Amino acid sequence: MTTDPAAAPDWEKRFRAPRVSLPGWAEDAPDRSLFVSNATGTYELYAWDRASGRQRQVTDRPNGTTDGVLTPDGETVWWFSDTDGDEFGVWMRQPFGGGEDEPAAPGLAPSYPAGLAIGRDGSAVIGRSTDEDGTTVHLVRAPGAEPVEIYRHRESAGVGDLSHDGTLIALEHTEHGDAMHSALRVVRPDGSTVAELDDTEGGTKELGLSVLGFAPVAGDTRLLVGHQRRGRWEPMIWDPVAGTETPLPIDLPGDVGAEWYPDGSALLVEHEFEARSELWRYEPGAAAPVRVDTPAGTVSGATARPDGTVEYLWSSAAQPPVVRSTSGAVVLDPPGAKAPPSVAVEDAWVEGPGGRIHALVQKPATGEGPFPTIFEIHGGPTWHDSDAFASGPAAWVDHGFAVVRVNYRGSTGYGRAWTDALKHRVGLIELEDIAAVREWSVKSGLADPERLVLAGGSWGGYLTLLGLGTQPDAWALGLAAVPVADYVTAYHDEMEALKAMDRTLLGGTPEEVPERFEASSPLTYVDAVRAPVYISAGVNDPRCPIRQVENYVDRLAARGAVHEVYRYDAGHGSLVVEERIKQVRLELEFALKHLGGGPVQGA
């Protein structure tokens with residue numbers, strides 16, 4: 001292990017380089033901002049007074065903090081306090097300028113968070129999720145006031161937004177039982193219903209809705225929502241009080257999201273298509289949106305400022321992230337060494353059993369294929385890999401590996417039908433797409449068929465273990481981080497919101513559809529695994545709990561299968577930079593030991 005940061009290899013420098021998130025800002029005090037940074041070696045919240053330039057660290061916890069928001073007046077920071085990454089906790093509040101932390105809603109017991117909206121009058125709408133109660137939503141009329149419950153349901157739900165004057169609350173819910181497709185309800189602070197919007201038709205139709213935000217103008221009851229009525233995510237304006245719906249002529253391919261400009265006169269449109277993204281401005285009533293100039297790559301977040309400029313967090317696979325402005329300035333440039341660049345991605349389109357599959361390929365800048373190749377499978381599953389900077393894949397490229405990332409069926413960004421394809425044959429469908437891309441990678445001369453690695457975290461870790469068991473001849477090695485390993489035990493131990501998702505994906509509980517859980521569980525196929533397996537798991541993980549991982553590991557050990565397990569004291573991943581470097585180093589060492597190759601750089 002390298003002790004001198006300046007002498008460290010590039011792959012370590014990419015993790016250690018100071019990073020910042022897109023700063024959020026207080027609606028009524030736009031000079032006050034909140035962002036996340038790893039400047040101390042752990043991801044924590046920072047307050048930034050733009051007028052004075054002063055920055056200060058808000059939170060300081062061993063396992064990091066990333067969930068926080070400013071009150072509209074900019075006077076207070078709310079942040080979520082869990083225990084060692086278990087995601088179960090309470091909201092705390094701290095003065096923007098510094099001071100003691102105190103419980104933001106002392107009358108509420110710890111829970112999993114289910115949305116938060118803070119009003120201009122000091123009130124707050126707090127969503128909670130627990131195994132015992134399902135989802136509850138509470139109104140706290142003033143700091144320290146007794147919370148009042150305004151919503152309760154066993155199925156998953158969450159707080160979407162609060163109107164400018166605090167008289168309307170938008171909720172997303174899945175009372176119909178389909179956790180992949182939410183319906184919307186707008187209520188008054190007393191919990192009474194103003195209007196409903198449901199595109200699922202009681203769960204018989206698979207169309208979802210999402211809350212994008214109320215108009216940021218006093219007395220304006222318009223709500224920007226996302227819908228899937230044309231086979232993809234796109235915005236429309238719904239006025240729940242007037243009962244009107246206004247479609248928007250934003251005819252862009254791929255998925256489209258939006259948020260309001262601060263004066264409510266226009267929308268900032270975020271467009272995702274084929275693993276890349278771009279920004280547009282749309283003024284309601286106009287014939288079409290107008291492009292906002294950004295470089296090719298991925299915009300991970302964007303916000304319009306009161307002066308009309310747009311700030312956005314941008315990166316590409318080759319270039320590290322930076323917060324930019326359409327004025328041409330770098331908005332927030334953390335001090336310290338910059339992350340070394342990596343190599344650009346190439347697009348691969350492969351015919352698969354469910355249609356064309358998009359994969360992103362990175363390969364070493366020197367040498368000729370076939371390369372040892374790692375299939376780095378994304379989590380979610382409703383997520384997608386994009387042309388964005390990622391230190392993990394870059395580390396493998398530095399060690400001579402090609403990296404292939406597959407946007408399998410279930411991924412977002414390719415239309416509703418592609419995302420919704422995961423039903424009942426969960427896991428097996430994704431692996432069919434991965435197999436098609438694997439076959440292409442070998443035939444094209446990219447990948448060495450004797451040195452193929454299946455790897456991923458979370459859902460990607462689940463697919464890794466499932467793939468090693470159902471495709472045992474295809475893979476030379478498996479690397480699974482925070483995986484689902486025993487689907488039945490995982491279901492019983494995971495947080496309630498994920499139980500709802502599993503019921504949607506598989507069509508019921510393990511008791512109702514045991515054959516589907518069995519067919520989709522890596523534990524079912526563990527005795528067929530031939531490749532060496534490396535597993536890392538967080539002992540406090542509420543999403544992929546540790547007990548079901550241990551069940552899988554016990555089965556590997558019982559038959560003497562080659563495997564290693566690394567357990568760490570955190571939840572679903574780590575926010576500590578050195579811990580993350582350690583995990584990647586252990587994966588590299590395991591792979592190079594079993595596949596052959598030089599030592600890990602910097603070891």
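Student: Leaving aside neighbours within four places in sequence, which residues is Asp 433 in contact with?

Tutor: The model considered here is a predicted one. In it, Asp 433 touches Pro 353, Ile 357, Val 406, Tyr 408, Arg 409 and Trp 418, once its neighbours within four places in sequence are set aside. Asp 433 itself belongs to helix 4, which spans residues 428-443.

Student: Is Asp 433 buried or exposed?

Tutor: Asp 433 counts as buried because its relative accessibility is 0%, and the cut-off for that class is under 20%.

Student: How should one read a nonpolar core, and which residues touch the most other members of the largest one?

Tutor: In soluble globular proteins, nonpolar side chains tend to be buried together. Here the largest nonpolar core has 57 residues, and Phe 375, Val 406, Ile 434, Ile 535 and Tyr 552 touch the most other members. Val 406 is also in contact with Asp 433. Beyond four places in sequence, the further contacts of Val 406 include Ile 357, Phe 375, Ile 434 and Val 437. A second, separate core holds 28 residues, among them Val 343, Tyr 568, Val 577 and Val 600.

Student: How many cavities of 30 Å³ or more does the structure hold?

Tutor: Rolling a probe the size of a water molecule over the atoms shows where empty space is left. In this structure there are two cavities of 30 Å³ or more. The largest encloses about 90 Å³, and its lining includes Phe 80, Val 90, Trp 91, Leu 108, Ile 126 and Arg 128. Strand 7 (90-95) and strand 10 (124-130) are the elements that give two or more residues to this lining. Strand 10 provides the largest share, three residues. By class, the lining of the largest cavity has eight nonpolar, three polar and one charged residues.

Student: Which residues line the second largest cavity?

Tutor: The second largest cavity holds about 30 Å³. Its lining consists of Ala 317, Ser 342, Gln 362, Ala 388, Phe 389, Ala 390, Pro 393, Ala 394 and Arg 405. These divide into six nonpolar, two polar and one charged.

Student: What is the volume of the second largest pocket, and which elements each supply at least two residues of its lining?

Tutor: The second largest pocket has a volume of about 250 Å³. Of its 15 lining residues, Pro 5, Lys 13, Arg 16, Ala 17 and Pro 18 lie nearest the centre. Helix 1 (10-16) and helix 10 (577-595) each contribute at least two residues. The lining of this pocket comprises seven nonpolar, four polar and four charged residues.

Student: How many residues of helix 7 are buried?

Tutor: An α-helix has 3.6 residues a turn, so residues three or four places apart point the same way. Helix 7 (residues 496-506) is mostly covered, with eight of its 11 residues buried. The buried residues are Glu 496, Lys 499, Ala 500, Asp 502, Arg 503, Thr 504, Leu 505 and Leu 506. Their cover includes strand 10, helix 5 (459-470), helix 6 (487-493) and helix 8. After helix 7 comes Gly 507, with a positive phi near 85°.

Student: Where is Ala 531 placed?

Tutor: Ala 531 sits in the loop between helix 8 (514-520) and strand 35 (533-538). Ala 531 counts as buried because its relative accessibility is 9%. Its C-alpha atom is 5.3 Å from that of Ala 476, although the two residues are 55 residues apart along the chain. Beyond four places in sequence, Ala 531 is in contact with Leu 468, Trp 475, Ala 476, Leu 477 and Val 562.

Terms used:
Residues are numbered from 1 along each chain as its sequence is written. This is a predicted model: local features need pLDDT of at least 70, side-chain atom pairs count only at pLDDT 80 or more; totals for chains, interfaces and linings use all residues. Side-chain values use heavy atoms; hydrogens and water are left out. Helices (H or I, at least four residues) and strands (E, at least two) are DSSP runs, numbered from the N terminus. Buried means under 20% relative accessible area, exposed over 50%, partly exposed in between (1.4 Å probe, protein chains only). Contact means heavy atoms within 4.5 Å. On a 1 Å grid over the protein atoms alone, a cavity is a set of points where a 1.4 Å probe fits but cannot get out, and a pocket is an open set with protein on both sides within 12 Å along at least five of seven lines; lining residues have an atom within 4 Å of a point. Grid points are joined across faces, edges and corners, and a volume is the space filled by probe spheres set on the points. Ala, Val, Leu, Ile, Met, Phe, Trp, Tyr, Cys and Pro count as nonpolar, Asp, Glu, Lys and Arg as charged, and the others, Gly among them, as polar. A nonpolar core is a set of buried Ala, Val, Leu, Ile, Met, Phe, Trp, Tyr and Cys residues joined through side-chain atoms within 4.5 Å.
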